[in-house]
There are 2 protein chains.
Amino acid sequence: MNDIELQLADLLGAGAVVSDEGLRERYLLDWTRSTRGEAAAIVRPSSVADVARTVAWCSARGLGVVPQGGHTGLAGGATPIESSREVVLSLELLNRVREVDAVSNTITVEAGAVLHNVQEVAAQANRLFPLSLGAEGSAQIGGCIATNAGGTAVLRYGNARELVLGLEVVLPDGTVWSRLRALRKDNAGFDLKHLFIGTEGTLGIVTAATLKIFPQPRQKLVALIGTPSPQAAVELFVDVRDEFDASLTGFELMAGEALSLACTHLRRARPLPGLDPYVVLLELSSPRAGGTLTEPLLECLGNATERGVVTDAVIASSDHQAQSLWEIRETVPEAMLRHFPQVSAHDVSVPIARMAGFIEQLETMVAERWPQLSPLLFGHVGDGNLHLNFVSPQPIDAEVFGELERAATSASYALVGELGGSISAEHGIGTHKMNLFHRLEDKAHLDLMGTIKRTLDSRRTMNPGKVFPRGG
Amino acid sequence: MNDIELQLADLLGAGAVVSDEGLRERYLLDWTRSTRGEAAAIVRPSSVADVARTVAWCSARGLGVVPQGGHTGLAGGATPIESSREVVLSLELLNRVREVDAVSNTITVEAGAVLHNVQEVAAQANRLFPLSLGAEGSAQIGGCIATNAGGTAVLRYGNARELVLGLEVVLPDGTVWSRLRALRKDNAGFDLKHLFIGTEGTLGIVTAATLKIFPQPRQKLVALIGTPSPQAAVELFVDVRDEFDASLTGFELMAGEALSLACTHLRRARPLPGLDPYVVLLELSSPRAGGTLTEPLLECLGNATERGVVTDAVIASSDHQAQSLWEIRETVPEAMLRHFPQVSAHDVSVPIARMAGFIEQLETMVAERWPQLSPLLFGHVGDGNLHLNFVSPQPIDAEVFGELERAATSASYALVGELGGSISAEHGIGTHKMNLFHRLEDKAHLDLMGTIKRTLDSRRTMNPGKVFPRGG
């Protein structure tokens, strides 16, 4: 053990310090394997008091604290950067479910609870915790809150932010700010929990949260729908939203090619035989059992077909089939990464009304200016969120690909800006988008963010080098 | 005109300064008539640039700025306090609807737009702007956002906060922070709009907002339901919520006496002839026309009746009848104020699971300790929000009433605190609850609020004496 590790072992007990070289690796490398760091020490406190003690200790010494959850972030926000000046603080041992309240419809969990476990505990109480994303088997609640995680249920239930009623947070000086209120309405003073949601551990460490849970849907209807264009997909979305409102729980868009890739990867036939350029995965849910959704959906699709907005559709006739359609959608990212050796992946949002125009402009632009590249698109149309990827259909030199994708990326972000969009819909800023963010963002906004950061974290010890440049 | 008025007339044009004595009164007195102030000047800027100019001018001179909307606040947060050092800034001339987007389902409006007008503009686009409250004919959007207004649609659509996608704000130094993003997902940097929602104009002035709009419900079902106890009402709520989820758009509780008072005031017969101690007003909505809600509701009420949770019910058979049931609920506050010369009115929330226990403890406590008082309750059970009033059924000396109600109020707030509740569910802190708030609130929370206030409003010119004590 080095000197910092020894002192932290004194403070927290030797068991709280991860010093075994083999074990350490897990805390230094992200799931994306894109970022590897080093750290002066790695600790796993087992109580909120120990988190507070660690943070205060680091603050007093000017050591950085890097909060860590399930290592599933996609922006490099949880990896240490500077070896000798940073302590990794894993929340994984703080993983209790403190309370489930099926009357208030709230659940209070600690930051290290794995998302999938929280879903399970809610289900045992006959309730739904709706946050749902590919990495839910590893992602921890604290990380989900710190990154304001999105996923596939945002359309109906909102991002992680919308699910948080109360928080317990360790502030940068080690103070515990505890507001685990299970209240639907509370206008007594400032609602400061929002300072810690989506701020990627740069203002404090979430140690527990009181979250909303919901009635479980008893009926789900899933359909895969072929559509001739992004514009048609958006028109269909507006139709279905007007008809079903909160019963519309999923509206995902995939380029036809993405569907084919996923089906090939899964060794399945394409559920829609036609080569529709775009395909929608739609999900309707109802708290009541019985087929009250099928007829109005068929009517809606019939009207849309007459107007040329829908070319083909298949409605799942069983839960198994419904799951299998969702599996195709969820396989797209992996299938893409396996099929194309080089992928330039982005996560942007635009107002829904500008989504179709954005896709069309983007496709034209890439075809004209970088014909060696091809955009491969999928995303959450109902949230205005597009996962935009540039791939090269033909083998291409890595350096050449890099040059092309940098140019295409830069032009795409400029377009996103013109359309009033966001350069990071879901994944956050972390380290990956930090420079881009500071280059493109309004000065007044950066100034205000900087003011808040300097005030709450005056010693600059909270997750240094994330969101803000080191010392910036 | 005094010196400050003359200088502001120079800055903004003479037309922007309200100097006529008769006109001034309107800006110095709240709707509740509980607070009257004086001001060095009253200005009505007609552009965001003029708001910014006024705020910067006041900041440079250390003059307080009191932002004003429709004067319908219930916490005294929009009335000037110290005559010579404060400028009232009315937003009422900034009242344009800048954009309605029925595809993105967003509406962008200026702060001075009257809530009812915003609802109307949305309706013209076949959309619903759901924020709805008694004062909607006067309340302005800026004030609704600054106070995070609640109302009768919170159960399904959330408070004002949940409806805000983007904001434009004039900061205390006159900088315009403009983030009118119409995005459902945006994790690029801190989501700082929450610093200005519900902070009652103490950190900046909201000048415009991009808000969510929704599909219009095409079917509504309203029922008035008698129930033997608060516990039974909460049990019914849980049943109905599980069965209808987002289709449950209203669940209001009234003490039987409140129902009787409202009916007497409206010169109508009680819709439920029995003297049920508590009555629920329930509303279900569906985006689809046709009676898909009636049968499951009848089944639900049938089961609840068997279990003794419901004693009687009437379901509105027409829109007219539905409105008339809502009118009874909305008349309760006025009927109460007319009937009882002295009313001590409060607005608290507790977790839903503790609502029934709270009411029962409260009733027992008041009956035992202050038998001259009687609690008269109504509220939004689905939000855990209770409007709690102490009245004196028998004529009583004002001073005696004051003593009794202060004791009962203090004990009630203590109970709210024990149950993890809030001393201000909807109305905010303003001046009315400022001392109470600072006495009861956690130190860590007050400290963090104070830090934010000192940082963003370092000259303490934004709505001085509201939420925070003057100079505190």
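How many residue pairs are in polar contact between chain A and chain B, with both residues at pLDDT 80 or more? The exercises below work through this predicted model.

**Exercise 1. Describe the contact between chain A and chain B.**

Solution.

Step 1. Take the polar pairs. The count is 45 residue pairs in polar contact between chain A and chain B, both residues at pLDDT 80 or more.

Step 2. Locate the elements. Five parts of chain A each supply at least two residues to the side that touches chain B: helix H6 (154–157), strand E8 (176–179), helix H8 (230–244), helix H12 (352–369) and helix H15 (443–456). H15(A) gives the most, with eight residues.

Step 3. Sort the residues of that side by class. They divide into 38 nonpolar, 28 polar and 21 charged.

Step 4. Count the residues on both sides. In chain A, 87 residues are in contact with 87 residues of chain B.

Step 5. Add the area. About 6800 Å² is buried between chain A and chain B, and carbon and sulfur atoms give 57% of it. On the chain A side, Lys185(A), Asn187(A) and Phe190(A) lose the most area to chain B. Together they account for 15% of what that side buries.

**Exercise 2. Find salt bridges between the chains and within chain A.**

Solution.

Step 1. Recall the principle. Side chains of opposite charge can pair when their charged atoms come close.

Step 2. Count. Over all chains, the whole structure holds 56 salt bridges. Between chain A and chain B the count is 16.

Step 3. Test a pair across the interface. Asp383(A) and Lys185(B) have an N to O distance of 3.3 Å. The cut-off is 4 Å. The pair is a salt bridge.

Step 4. Test a pair inside chain A. Lys220(A) and Glu283(A) meet in a salt bridge at 3.6 Å, N to O. Lys220(A) lies in strand E11 (residues 219–227) and Glu283(A) in strand E13 (residues 278–286), so this bridge ties together parts that are 63 residues apart in sequence.

**Exercise 3. Classify the packing of H9(B) and H11(B).**

Solution.

Step 1. Choose the descriptors. Two packed helices are described by the angle between their axes and the distance between the axes.

Step 2. Read the values. Helix H9 (residues 256–265) and helix H11 (residues 319–339) of chain B pack at an angle of about 85°. Their axes are 8 Å apart.

Step 3. Classify. Angles of 65 to 115 degrees count as roughly perpendicular. H9(B) is therefore roughly perpendicular to H11(B).

Step 4. Name contact residues. Ala258(B), Leu259(B) and Leu261(B) are among those of H9(B). On H11(B) they include Ile328(B), Thr331(B) and Val332(B).

Step 5. Sort by class. This contact has nine nonpolar, three polar and two charged residues.

Notes
Residues numbered from 1 in each chain as written. Chains lettered and ligands numbered in written order. Predicted model: local features only at pLDDT ≥ 70, side-chain atom pairs only at ≥ 80, totals over all residues. Heavy atoms only, no water. Contact = heavy atoms within 4.5 Å. Buried area = accessible area lost by both parts, 1.4 Å probe. Salt bridge = Lys/Arg side-chain N within 4 Å of Asp/Glu carboxyl O. Polar contact = N/O pair within 3.5 Å; in protein donor to acceptor, adjacent residues only side chain to side chain. Helix = DSSP H or I, 4+ residues; strand = E, 2+ residues; numbered from the N terminus. Nonpolar A, V, L, I, M, F, W, Y, C, P; charged D, E, K, R; others polar. Axes fitted to C-alpha atoms, helices over the stretch in contact; angles between N-to-C directions. Parallel < 35°, antiparallel > 145°, perpendicular 65-115°, else oblique.
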